[in-house]
Amino acid sequence: MGPWNSISMEIIYGVLGWSSIICWVLASYPQVILNFRRKSVVGLSFDYLILNFTKQSSYLIYNATLFFSTTVQKQYFDKYGYDQMIPVALSDVFFPFHSIILIFVVSVQIIFFDRGSQKVSKAAIAILVAVWFFAGACFFMALPTHSWLWLVSIFNSIQVFMTVIKYSPQAFLNFTRKSTVGFSIGNIVLDFSGGVATLAQMSVQSVDQGSWVNFLGNIGKPLLALTVLQVSIAFDLIFFYQHFVLYHIKASRVSFQRDPESTDSEPLIKDSDHLQGIATTS
């Protein structure tokens with residue numbers, strides 16, 4: 001691992017790394033708190049939840065393996081040079097681990113809180129099975145030659161792909177319900193902030209080392225930052241437009257007619273047959 005050439009750069013790198021992690025960690029809480037206050041998960045896409053689980057699991061496998069495994073680190077140095085730094089910090093390991101815990105918490109809320117007629121769609125299940133089947137196949141391909149760096153890079157690519165698609169089910173659910181009640185949009189803003197900080201963190205490291213191989217060696221982090229920047233901005237606009245423009249009047253009427261926080265309120269989604277049709281086509 002190449003040493004830092006500038007102490008100030010090293011400090012900035014650490015600050016940016018933990019700043020991005022704090023943003024992403026805090027992004028997990030608004031939905032948990034909202035679910036608890038309402039005693040309901042109606043309005044939260046279960047498809048989004050399982051796609052995000054796949055994303056975070058893949059990201060944890062990549063970061064933890066590259067950070068802790070000396071074998072994978074040696075393969076990284078053999079490929080990119082021993083004067084380069086491992087482009088994964090402890091904060092990168094902490095973030096997906098924490099996110100998986102929060103996903104588990106929300107899953108428990110889904111079991112015990114009102115969920116109306118919502119369920120996981122067949123399309124989401126198919127994606128989940130296909131992704132993990134592909135990951136398993138890659139493991140057996142890497143096993144004979146011990147190509148572990150290539151294997152963890154596959155998990156890296158998976159998490160980038162899941163980052164791109166994971167928000168789509170939530171936007172579609174808002175559209176079909178004609179409401180954003182039950183979905184917290186604060187996570188999108190925090191995702192955006194975390195992406196900016198991550199991209200800046202990688203830039204600081206590359207400037208200090210005088211080489212952009214850190215970007216090329218850790219495709220996932222810059223791609224994650226870039227996709228979060230682009231996808232989050234797009235979904236920011238979609239979610240805010242849905243919440244404040246398209247369904248603002250309806251949300252106001254719901255709040256006026258009955259308290260959406262109340263456990264006595266009827267499920268916001270009632271037509272199970274209609275929802276099953278939506279789940280099948282989604």
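Which helix is tryptophan 18 found in? Tryptophan 18 sits in helix H1, and we will come back to this residue below. Please keep in mind that the model is predicted.

## Overall fold

Let's start with the whole chain. The protein chain has 13 helices and 0 strands. Read from the N terminus, its elements therefore run α-α-α-α-α-α-α-α-α-α-α-α-α, as helices and strands are DSSP runs numbered from that end. The chain has 282 residues, and buried residues make up 50% of them.

## Annotated transmembrane regions

The unreviewed UniProt entry carries the annotation "transmembrane region" for residues 12–36, 93–112, 124–142, 148–168, 180–203 and 223–249.

Two of these spans can be described further. In residues 12–36, the end C-alpha atoms lie 37 Å apart, and the span is 92% helix and 0% strand. For residues 180–203, the distance between the end C-alpha atoms is 37 Å, with 75% helix and 0% strand in the span.

## A nonpolar patch on the surface

Here tryptophan 18 returns. Trp18, Ile22, Leu26, Tyr29, Ile33 and Phe94 form a nonpolar patch on the surface, and together they have about 570 Å² of accessible area. Two elements give two or more residues to the patch: helix H1 (7–26) and helix H2 (29–38). H1 gives the most, with 3 residues.

How accessible is tryptophan 18 itself? Its relative accessible area is 41%, so tryptophan 18 counts as partly exposed, a class that lies between the 20% limit for buried and the 50% limit for exposed.

## The largest nonpolar core

Turning to the interior, the largest nonpolar core has 19 residues. Among its members, Val41, Leu49, Val106, Ile110, Tyr167, Phe235 and Phe239 touch the most other members. Helix H3 (46–68), helix H5 (90–112) and helix H11 (220–246) each supply at least two residues of this core. H5 gives the most to the core, with 4 residues.

## Cysteines and disulfides

A disulfide is a covalent bond between the sulfur atoms of two cysteines. How many disulfides does the model contain? The count comes to 0 disulfides, with a pair of cysteine sulfur atoms within 2.5 Å as the criterion.

Are cysteine 23 and cysteine 138 buried or exposed? Cysteine 23 counts as buried because its relative accessibility, 17%, is under 20%. Cysteine 138 has a relative accessibility of 3%, so this residue also counts as buried.

How values were computed
Residues are numbered from 1 along each chain as its sequence is written. This is a predicted model: local features need pLDDT of at least 70, side-chain atom pairs count only at pLDDT 80 or more; totals for chains, interfaces and linings use all residues. Side-chain values use heavy atoms; hydrogens and water are left out. UniProt positions are given in the numbering used here, feature names are shortened, and annotations may be inferred rather than shown by experiment. Buried means under 20% relative accessible area, exposed over 50%, partly exposed in between (1.4 Å probe, protein chains only). Patches are made of residues with over 30% relative accessible area and no salt bridge: like charges are joined within 9 Å, nonpolar side chains (Val, Leu, Ile, Met, Phe, Trp, Tyr) within 5 Å. Accessible areas come from the Shrake-Rupley method with a 1.4 Å probe; for residues, only the protein chains shown count as cover. A salt bridge is a side-chain nitrogen of Lys or Arg within 4 Å of a carboxyl oxygen of Asp or Glu. A nonpolar core is a set of buried Ala, Val, Leu, Ile, Met, Phe, Trp, Tyr and Cys residues joined through side-chain atoms within 4.5 Å.
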